[in-house]
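Dear colleague,

I am handing over the structure we spoke about, placed just below. My notes on what was found in it follow.

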Amino acid sequence: MVFPPKEFLTVSELAARWERAPLQIIDWAMSGRLELMVSLTEAEFQGGEESDYAAVRAGHVRPLFRDAGDAERFVMIRRARPPGSDKPLSIVHPAEGVRVLSTDVLIRTTEIERFEEENSLVRRVVVGPGAPTRHSWERFYVEMCCRIFHDGLPDTQTELVDVMQDWIMDDPNWGEAPDPSTIRKKVKVVWQRLKPE
């Protein structure tokens, strides 16, 4: 069973993918090179329209990504452009606007692919001489380390394999998923180091 790719990435996910600071992505959006979306909870726009997400001006969410510990925990969004609208509309419910965290700021994968194409960011990973590799195992190992650091080491190696296989299935850049035995081999190297027999 193959799941469809993710429709959106958070700014942090995109920053990891491009190996850039989140603030750099926000600044590209401020210059009009990327469109940012925010996820909305129970938001109603003027005219009665409702939407789960909407486009926002990057300057409105930039305080969430400031450097040196100056970032705001949340911002209130009072205007946004819902899908199908050609201009921003006021949010009438809730009256104070929608509270947005940094994890609510999203970029559509189609927008990411357009940006990568325009800026020649699409590349294949080459390891030494010979043919390019089909997958970025370096990204795989970075993701595995981050998950272990944040969520702890699962009880079994099989659980860790399942977690990483799910990540591969959700990653829009991965392409065709490697067979489970390859994933098991990659996980086993780390597992044996962390939990030697």
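**Cores, one helix and two cysteines**

The largest nonpolar core has 33 residues, and Leu 36, Val 61 and Val 105 are those with the most contacts inside it. Helix α2, residues 22–30, gives the most to this core, with 5 residues. Please keep in mind throughout that this is a predicted model.

Leu 36 is worth opening in the viewer. Leaving aside residues up to four places away in sequence, Leu 36 touches Ile 26, Ala 29, Ala 54, Ala 55, Val 56, Ala 58, Val 61, Val 105, Leu 106 and Ile 107. A second core, separate from the one above, has 14 residues, and Phe 140, Met 164, Ile 183 and Val 187 are among them.

Phe 140 also belongs to helix α5, where Trp 137, Met 144 and Ile 148 are buried along with Phe 140. Viewed down the axis of α5, the buried residues fall within an arc of 65 degrees, so they line one face of the helix. The spacing follows from helix geometry: an α-helix has 3.6 residues a turn, so residues three or four places apart point the same way. What do the buried residues of α5 pack against? Their partners are α6 (157–170) and α7 (180–194). On the other side of α5, Glu 138, Phe 149 and His 150 are exposed.

As for its dimensions, α5 covers residues 137–151, 15 residues in total, and reaches 21 Å from its first C-alpha to its last, close to the 21 Å expected at 1.5 Å a residue. Gly 152 follows α5 and has a positive phi, near 85 degrees.

On cysteines, how many disulfides does the structure hold? The count is 0. Cys 145 is in no disulfide, and the nearest cysteine sulfur, that of Cys 146, is 7.0 Å away. A disulfide here requires sulfur atoms within 2.5 Å, so a pair at that distance does not qualify. Cys 146 is likewise in no disulfide. Cys 145 is partly exposed, at a relative accessible area of 49%, and Cys 146 is partly exposed at 37%.

Finally, some totals for the protein chain. The chain has 7 helices and 9 strands, and its C-alpha trace spans about 60 × 40 × 40 Å along the principal axes. Of the 197 residues, 35% are buried. Among contacts between residues at least 6 apart in sequence, 61% join residues at least 24 apart. The accessible surface comes to about 12300 Å², and 50% of it belongs to carbon and sulfur atoms.

Regards

Technical notes. Residues are numbered from 1 along each chain as its sequence is written. This is a predicted model: local features need pLDDT of at least 70, side-chain atom pairs count only at pLDDT 80 or more; totals for chains, interfaces and linings use all residues. Side-chain values use heavy atoms; hydrogens and water are left out. Helices (H or I, at least four residues) and strands (E, at least two) are DSSP runs, numbered from the N terminus. The expected span of a helix is 1.5 Å times one less than its number of residues. Buried means under 20% relative accessible area, exposed over 50%, partly exposed in between (1.4 Å probe, protein chains only). The arc is that of the directions from the helix axis to the C-beta atoms. Contact means heavy atoms within 4.5 Å. A nonpolar core is a set of buried Ala, Val, Leu, Ile, Met, Phe, Trp, Tyr and Cys residues joined through side-chain atoms within 4.5 Å. Accessible areas come from the Shrake-Rupley method with a 1.4 Å probe; for residues, only the protein chains shown count as cover.
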